[in-house]
Amino acid sequence: MKTIESITIYGGLNKNGIQERVRKIELKKGDIIGIVGPTGSGKSSLVSDIEQIAQEDTNTLRKVLINHATPSLKERRDPRLKMIAQLSQNMNFIADMTVEEFLIMHSKCRNKDKRIIHDVIESANLLTGEAIQLQDNLTALSGGQSRALMVADVAIISESPIVLIDEIENAGIRKHEALDMLSGKGKIIFVVTHDPVIALTTGKRIIMKDGGMDELINTSAQESVISCDLGLIDQYMLNLRELIRTGQTIEQLELQLTNV
Amino acid sequence: MKMIIVAGTPGAGKTSVLVHIIKHLQSRDIHPSVVKIDCIYSEDAERFKKLGVPALLGLSKDMCPDHYSIYNTWEMLEFAEKNRSEMLILETAGLCHRCAPYTQNCLGVCVIDSTSGPNTPRKVGPFLSSADVVAITKGDIISQAEREIFRERILEMNPTCSVTDVNGLTGYGSYELADHFLSATDGSFDNDTLRHTAPFSVCTLCVGEMRVNRKYHRGLLRKINGIQEYTGE
């Protein structure tokens with residue numbers, strides 16, 4: 001697989017057929033960018049344009065370049081050459097096969113040794129409460145288990161230099177661990193999110209509106225500080241979640257916020 | 001004349017995909033004629049007419065729709081010629097998995113629904129394995145991994161086909177498919193032949209027998225134990 005130095009997105013049209021305000025976005029190796037906006041504002045369409053490396057051939061007429069060039073059709077389609085891994089919003093699998101068959105088949109598609117399926121299961125089980133077994137039926141997994149398996153599968157089998165992550169906060173899996181698993185060093189990462197903690201940990205964010213990229217905001221130094229504080233609140237909430245999930249009771253609120 | 005034959009299971013999205021392709025063709029100044037074949041009922045021809053293309057509906061009723069479309073190929077080609085079309089697009093009913101409606105000189109396009117599961121490419125038989133182009137629909141509903149597995153299974157069944165992901169709602173992929181339509185060869189159909197034999201059915205049920213008791217069955221009968229025999233005079 002070739003080294004990826006940059007990805008460039010040229011703006012197309014929004015839902016009303018008007019040019020989107022952001023005309024060009026270029027990201028370099030190691031960049032993490034958020035995609036935010038109300039539901040229905042076009043976040044998932046943007047992600048799918050990137051996944052398909054759109055060449056003015058989708059509804060939005062956006063154009064995506066890798067290393068300032070149009071990739072070949074084979075690079076855009078063949079999973080063995082694919083440069084992009086995507087965790088979509090899907091919460092369930094529909095393929096009627098066991099977890100093992102699925103992982104073996106997918107590792108074959110991505111040209112990986114099938115022994116890595118054990119790493120996938122191990123990683124997935126770090127993210128979910130009830131452990132997933134190789135012999136489980138894929139369609140019978142719970143929402144959280146499916147999501148955890150999708151994350152581990154994207155991280156290990158679809159391992160690619162560009163990663164698209166759509167609403168990782170869904171389905172009650174451990175989101176920070178999941179995000180760490182997906183974001184290796186030197187990758188370009190797009191994160192669609194409604195979660196302020198995740199949104200502010202990115203370097204910049206695209207604001208979506210009416211199906212178009214409306215604004216590009218760099219995370220300010222102050223926002224980075226706030227992001228750290230929010231991280232504490234978030235950690236506190238996650239701890240409470242674990243306590244409640246395991247049948248414990250909560251006696252009092254123990255959160256101290258000095259800077260707010 | 002180019003002839004494009006589009007096959008695929010019901011609900012796979014053949015008509016939706018074709019609507020997007022036809023718009024691309026029109027923007028490139030190509031004016032196809034469209035024929036939809038179905039059995040009992042279809043509103044699809046009306047959807048095509050709304051695009052301003054000449055469209056014809058053929059209902060095969062109680063006859064096999066693929067046999068019906070083969071008997072009517074000539075009439076359909078004449079229909080397209082009369083409309084001065086450069087291209088005839090034939091959308092088949094897509095009912096059973098035994099045959100493939102493609103002829104040697106047409107462009108055979110198979111539309112297949114990826115949410116039908118990764119075993120589907122192994123089940124659908126000749127209309128997938130003898131297609132030139134395979135269009136996979138509804139990929140936006142499943143995970144990237146499942147999409148990749150589905151694609152792999154298609155290539156196992158038909159290693160030489162060209163595979164395109166297409167979205168019947170947004171039109172993604174239809175531009176690429178329109179390119180395939182345009183690069184189809186201008187065929188002559190006088191000596192054209194089918195790529196695969198039409199479904200086997202030569203028994204008295206074909207001509208209206210309704211009794212199920214085995215003593216009434218005549219013709220070439222295939223039993224579940226593997227024995228095939230001719231019963232009758």
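This is a short tutorial dialogue on reading the domains and contacts of a predicted two-chain model.

Student: Where do I start with chain A? Which domains does the assignment give?

Tutor: Start by splitting the chain into parts. In this predicted model, chain A has domain 1, residues 6-219, and domain 2, residues 220-260.

Student: How far apart are the centres of domain 1 of chain A and domain 2 of chain A?

Tutor: Use the C-alpha atoms to place each centre. For these two domains of chain A, the centres are separated by 27 Å.

Student: How many residues are in contact between domain 1 of chain A and domain 2 of chain A?

Tutor: Count each side on its own. Domain 1 of chain A brings 12 residues, and domain 2 of chain A brings 13. Then look at area. Together the two domains of chain A bury about 890 Å². Carbon and sulfur atoms give 49% of that area.

Student: Which three residues supply the most area on the side of domain 1 of chain A?

Tutor: Find Val197(A), Leu200(A) and Thr219(A). They supply 49% of what domain 1 of chain A buries against domain 2 of chain A, more than any other three residues.

Student: What about charges? How many salt bridges are there between domain 1 of chain A and domain 2 of chain A?

Tutor: Look for oppositely charged side chains that meet. The count between these domains of chain A is 2 salt bridges. For a salt bridge to look at in chain A, take Glu223(A) and Arg205(A): their side chains meet with an N to O distance of 2.8 Å. Polar contacts are counted as well. There are 4 residue pairs in polar contact between the two domains, both residues at pLDDT 80 or more.

Student: Which elements give two or more residues to the side of domain 1 of chain A that touches domain 2 of chain A?

Tutor: Two helices do: α6 (175-182) and α7 (196-201) of chain A. The largest share, 4 residues, comes from α7(A). Now sort that side of domain 1 of chain A by class. It has 4 nonpolar, 5 polar and 3 charged residues.

Student: Now the second chain. How many residues of chain A are in contact with chain B?

Tutor: Treat two chains just as you treated two domains. Here 32 residues of chain A are in contact with 24 residues of chain B. The area buried between the chains is about 2,300 Å². Of this, 49% comes from carbon and sulfur atoms. On the chain A side, Arg77(A), Ile94(A) and Met105(A) lose the most area, together 26% of what that side buries.

Student: How many salt bridges are there between chain A and chain B?

Tutor: The count is 6. The side chains of Glu156(B) and Lys108(A) meet in a salt bridge, 3.4 Å from N to O. Residue pairs in polar contact number 16 between the chains, both residues at pLDDT 80 or more.

Student: Which element gives the most to the side of chain A that touches chain B?

Tutor: Pick α3(A), with 5 residues. By class, this side of chain A has 12 nonpolar, 9 polar and 11 charged residues.

Student: And chain B itself? What domains and elements does it have?

Tutor: Domain 1 of chain B covers 2-182, and domain 2 covers 201-233. Their C-alpha centres lie 33 Å apart. Chain B has 8 helices and 9 strands.

Student: What is the radius of gyration of chain B, and how does it sit against a compact globule?

Tutor: Compare it with the value expected for the chain's length. With 233 residues, a compact globule would be near 17 Å; chain B has 19 Å, which agrees. Its C-alpha trace spans about 60 × 45 × 30 Å along the principal axes.

Terms used: Residues numbered from 1 in each chain as written. Chains lettered and ligands numbered in written order. Predicted model: local features only at pLDDT ≥ 70, side-chain atom pairs only at ≥ 80, totals over all residues. Heavy atoms only, no water. Domains from an automatic or database assignment. Contact = heavy atoms within 4.5 Å. Buried area = accessible area lost by both parts, 1.4 Å probe. Salt bridge = Lys/Arg side-chain N within 4 Å of Asp/Glu carboxyl O. Polar contact = N/O pair within 3.5 Å; in protein donor to acceptor, adjacent residues only side chain to side chain. Nonpolar A, V, L, I, M, F, W, Y, C, P; charged D, E, K, R; others polar. Rg over C-alpha atoms; globule rule 2.2 N^0.38 Å.
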